[in-house]
Amino acid sequence: MSEEFLSDHTPVSPDEARRAADAVLGHPGADDVEVLITGSAQGLTRYARSGIIQNTNRKEIRAQVRVVVGDRVATASTTQLEPARLQATADRALAAAKSSPPDADFSGLPRPDDVGAAHGVFRWDEATAVKDPQTRARKVEQILAITAGTESAGIFETGSHAFALHSSTGIDCYDAFTRCVTLCLVDTGDATGWGDASSHAFDDVDVATVAQRAVDKARSGAGARDAEPGTYEVVLEAPAVATLLEYLSWIGMGAKQVIEGESFLSTKTGERIGPEGITITDDVWHPRSVGIGFDLEGVPKKRVAVIDEGVAREPVTDLRTAAKLGTTSTGHYSGSNEYGPYASNVVLEGGDQDLSELIGGVSDGILVTRFHYVNVLDRPSTLLTGMTRDGTFRIRGGEVAEPIHNFRFSQSALEALRTTSGIGREVEAFAPDYGSFGSIVAPALRVGSFTFSSKTSH
């Protein structure tokens, strides 16, 4: 889809955004002005105890005005795009900028001649954008028919999102995407199972497969027994791998963490930290990624290989951190100087084995469906803790054996990657747990050493 992208169903159109921004780009008293306009239209059908409990539709528009006065910068926002509202918002930002302390690290708003012109990804599916509550309810009814005889809970969600950024320095960019997500948790009373799917396209989300996966996991988990904590060879299914990648991005893939010595890249750049098959990128252009083609100051987003064929390479950057590192921005400004640039479209490239082959390579180990309650213990070493959930099984002789109670783990994400001995062929896409921005694309992994620190009673 080209930049001539048009749809009557975007939350805010390119023309609407441009007209709104034009009302304040020449605001009196400001040296420069930037306007970021975001819009979303989301429909959510939620079910629990095997029945629909909620059907909501929500539309939101927000304009964020950033004003520059010399080396002082401030931002104000509004939820209305009328010229008078935007001008009042710019007034507030201007007053705040004048009273703000100087920002020595601010090098000015970007200019297209310096950073290039941004292009939209336009991961857009018209069918997803127009789905109504009745359509979502029918999808949930399919799930409930398959999970009959159990207690099931979850969501079916469709949404459309638009981002536009305009500045007095000439930045002019727009992108829009859709997303469809379904989650299903099945509880048989003795065990639980999980299924999920995510795509920008409605027809790619197969609720029957998701529901059946959750049912099969729950029924296979009946009669779980204790297993001793310790270090095991494991097969992590794609949802578990996606969680590790999400945390790896959060704690170590951004340049600000590198500058502050909090990232693994602070000490390991150029070192081999995994097998050649491990390539982890931030890549909004990957066909399974969902996101926008520029960052939140209008710089074009580049594909960045943070780990390339097992070797630690470089972080994602924004203008501020790139200047400190003596490089150029990769287009990953998060909107927060405090947090810094963020890798929001993480991709772990697939390998050459299917799930049964990964399991077949383990003589004695553990199969993990997914993780939850994950927290960071140590950033530079990427040490995480959390629990397994919704399907944990012993592997014996290359086959899935008896179900076991969940474990709590204490494990470095980097060490898990270092001992990887098999990478799944198929990759799955995952929406973020919070908000709508970004995505994770991940395969299953066979990991040679994973530490479970304690067991649970369930």
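Tyr373 lies in strand S12, residues 364-378. This non-glycine residue has a positive phi of about 50 degrees. The model is a predicted one. This briefing covers two backbone outliers, one open sheet of six strands, the second largest pocket and two cavities of 30 Å³ or more.

**Positive phi**

- Most residues other than glycine have a negative phi.
- Tyr373 departs from that pattern, with phi at about 50 degrees.
- Tyr373 is exposed: its relative accessible area is 58%, above the 50% cut-off.
- Ser50 is not a glycine either, yet its phi is positive, at about 65 degrees.
- Ser50 sits in the loop between S1 and strand S2 (51-69).
- The relative accessibility of Ser50 is 31%, so Ser50 counts as partly exposed.

**The six-stranded sheet**

- The sheet is open, and its strand order is S3-S2-S1-S4-S5-S6.
- Pairing in this sheet is antiparallel.
- Strand S3 (72-78) and strand S6 (192-199) form the edges. Each has a single partner strand, so one side of each lacks a neighbour in the sheet.
- From one strand to the next, the twist averages 15 degrees.
- S1 (residues 32-48) and S4 (residues 151-167) pair over 14 bridges, in the antiparallel sense.
- Within this pairing, Ile37 stands opposite Ala164 in S4.
- Helix H6 (residues 207-220) lies across S4, strand S5 (172-187) and S6.
- H6 runs at about 160 degrees to S6.

**The second largest pocket**

- This pocket holds about 360 Å³ of space.
- Its lining has 21 residues. Asp190, Ala191, Thr192, Asn406 and His458 lie nearest the centre.
- S5 and strand S13 (383-396) are the elements that give two or more residues to the lining of this pocket.
- S13 provides the largest share of the pocket lining, with seven residues.
- The pocket lining comprises seven nonpolar, 10 polar and four charged residues.

**The largest cavity**

- Rolling a probe the size of a water molecule over the atoms shows where empty space is left.
- A search of the whole structure gives two cavities of 30 Å³ or more.
- The largest cavity has about 90 Å³ of space.
- Charged residues in its lining are Arg66, Asp105, Glu297, Asp318 and Arg320.
- Phe106, Ser107, Gly108, Leu319, Tyr333 and Asn337 also line the largest cavity.
- By class, this lining divides into three nonpolar, three polar and five charged residues.

**The second largest cavity**

- About 50 Å³ of space lies in the second largest cavity.
- Val241, Leu244, Leu245, Leu248, Ala413, Leu417 and Leu445 line this cavity.
- Helix H7 (238-252) and helix H12 (413-418) each supply at least two of the lining residues.
- H7 gives the largest share of this lining, four residues.
- The lining of the second largest cavity has seven nonpolar residues, no polar residues and no charged residues.

Notes: Residues numbered from 1 in each chain as written. Predicted model: local features only at pLDDT ≥ 70, side-chain atom pairs only at ≥ 80, totals over all residues. Heavy atoms only, no water. Pairing = 2+ DSSP bridges. Axes fitted to C-alpha atoms, helices over the stretch in contact; angles between N-to-C directions. Contact = heavy atoms within 4.5 Å. 1 Å grid on protein atoms, 1.4 Å probe; cavity = no way out; pocket = protein on both sides within 12 Å on 5 of 7 lines; lining within 4 Å. Points joined across faces, edges and corners; volume = space filled by probe spheres on them. Buried < 20%, exposed > 50% of the residue type's maximum accessible area, 1.4 Å probe, protein only.
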